Amino acid sequence: MKLIQFIPAIAIMAMTSGCGILNKNAQKTPAASTTPATKVETVEVAPVNDILNNLTGEWAIVEVNGEKVTVNGENHPKLTFDPAEGMTGVVKVIGYNGCNYLNGAWNIKGSKITPAGEFISTLMACEDAPYEYAVNQALNEAAAYQLTDASNLSILSSTGRTVMKLRKHNLAYLNGAWKVTEIEGAPISANVRIVIDTQENKVHGNAGCNILNGDIIVNLDKGDGIEFKNLATSRMTCPDIATEKAFLLALESVSTAGKGKTADTAVLKNSAGQVIIALKRLAPNELVDE
């Protein structure tokens, strides 16, 4: 898979693919032949759509050629897979190597990968992009993939060597409106409510007294990594302002998230893995303050 760098700004992918046609017409057997017909056994394989659905989505590159990738923030290398419309077994690959965007496509057959055209790239020059070359090389060597589970993917070379490991981040369960039920393990009675939107990377709500707004950073270095930054509130004074301050301090210390014991609960943890905020999803009739 040859990597070509020649598109100066936004790469436009031009890809040509062909379909091999296998002639299955049986040859005529001489009349005198008594050779019995060979029995053909059918081997069931997973439907192509199921295979591509397992790959579809954005994956953070967490290891390349044996080196752990540690770049928190927008510059984290990643790959996004999207089935090509009208092209059976072809997945579009949109990559980011920490500096440049890459566009290409793979033919997927079982667990095998073959190129469906050449990768092209933008041509930015970056001072700090330690994984750029390694990611490009790994893509050039990609010959197979292996799914450990729904969230962990390995890309293998033709010799079976792991050239890249990827992790899918699924924080969609956090999206929506929540009531804060505990801070640092202590139940609270204050009406602390927040709305989390991982698509827009925003958080807003009521911190118990003041209106809250802030940004969300999905930390691709960690599984379920999430951080709340640039928090800003209005400046009213309330009797239970201490609870609000405790909540804001805890929110700024969040490092990861996790699902709760039930479908309508979730937890936010600090860098040590300790639960510092417990959440309960708000029902529709609770979304409007009385």
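# A tour of two disulfides, a ring cluster and a hairpin

Start by selecting Cys-209 and Cys-238: the torsion about their S-S bond is about 70°, so this disulfide (a pair of cysteine sulfur atoms within 2.5 Å) is right-handed. Cys-209 sits in the loop between β15 (202-206) and β16 (211-219), and Cys-238 in the loop between β17 (225-233) and α3 (241-252), so the bond ties together parts that are 29 residues apart in sequence. Helices (H or I, at least four residues) and strands (E, at least two) are DSSP runs, numbered from the N terminus. The two sulfurs of Cys-209 and Cys-238 are 1.8 Å apart.

Before moving on, note that this is a predicted model, in which local features need pLDDT of at least 70 and side-chain atom pairs count only at pLDDT 80 or more, while totals for chains, interfaces and linings use all residues. Residues are numbered from 1 along each chain as its sequence is written, and side-chain values use heavy atoms, with hydrogens and water left out.

Now colour the two cysteines by accessibility. Buried means under 20% relative accessible area, exposed over 50%, and partly exposed in between (1.4 Å probe, protein chains only). Cys-209 has a relative accessible area of 7% and is buried, whereas Cys-238, with 21%, is partly exposed.

**Next stop: the hairpin beside this bond**

Select β16 and β17. These strands run antiparallel and are joined by seven bridges; two strands pair if DSSP finds at least two bridges between them. To see one position in the pairing, pick Leu-212, whose bridge partner in β17 is Thr-233. The strands β16 and β17 form a hairpin with five residues between them. In that turn, select Asp-224, which has a positive phi of about 60°.

**Next stop: the other disulfide**

How many disulfides are there by this rule? The count comes to two. Select Cys-99 and Cys-126, which are joined with an S to S distance of 2.0 Å. This pair links distant parts of the chain, 27 residues apart: Cys-99 is in the loop between β5 (90-96) and β6 (101-109), and Cys-126 is in the loop between β8 (119-121) and α2 (132-141). The torsion about the S-S bond of Cys-99 and Cys-126 is about 85°, so this disulfide is right-handed.

Is Cys-99 buried or exposed? Cys-99 is buried, at a relative accessible area of 3%. Its partner Cys-126 is partly exposed, at 32% relative accessibility. With the bonded cysteines of the protein numbered in sequence order, the pairing reads 1-2, 3-4.

**Last stop: the aromatic rings**

Rings of Phe, Tyr and Trp (its six-membered ring) pair if their centres lie within 6.5 Å; planes under 30 degrees apart count as stacked, over 60 as edge-to-face and the rest as tilted. A search of the whole structure finds three such pairs. Select Phe-81 and Trp-106, a tilted pair with 5.7 Å centre to centre and 35° between the planes. Phe-81 lies in strand β4 (residues 78-83) and Trp-106 in strand β6, so look for two parts of the chain that are 25 residues apart. Phe-81 is buried at 2% relative accessible area, and Trp-106 is buried at 2%.

Then go to Tyr-96 and Tyr-101, whose ring centres are 4.7 Å apart with planes at 40°, so this pair is tilted. Tyr-96 is buried, at 8%, but Tyr-101 is partly exposed, at 45%.

To finish, add Phe-119 to the selection of Phe-81 and Trp-106: ring pairs link these three residues into a cluster.
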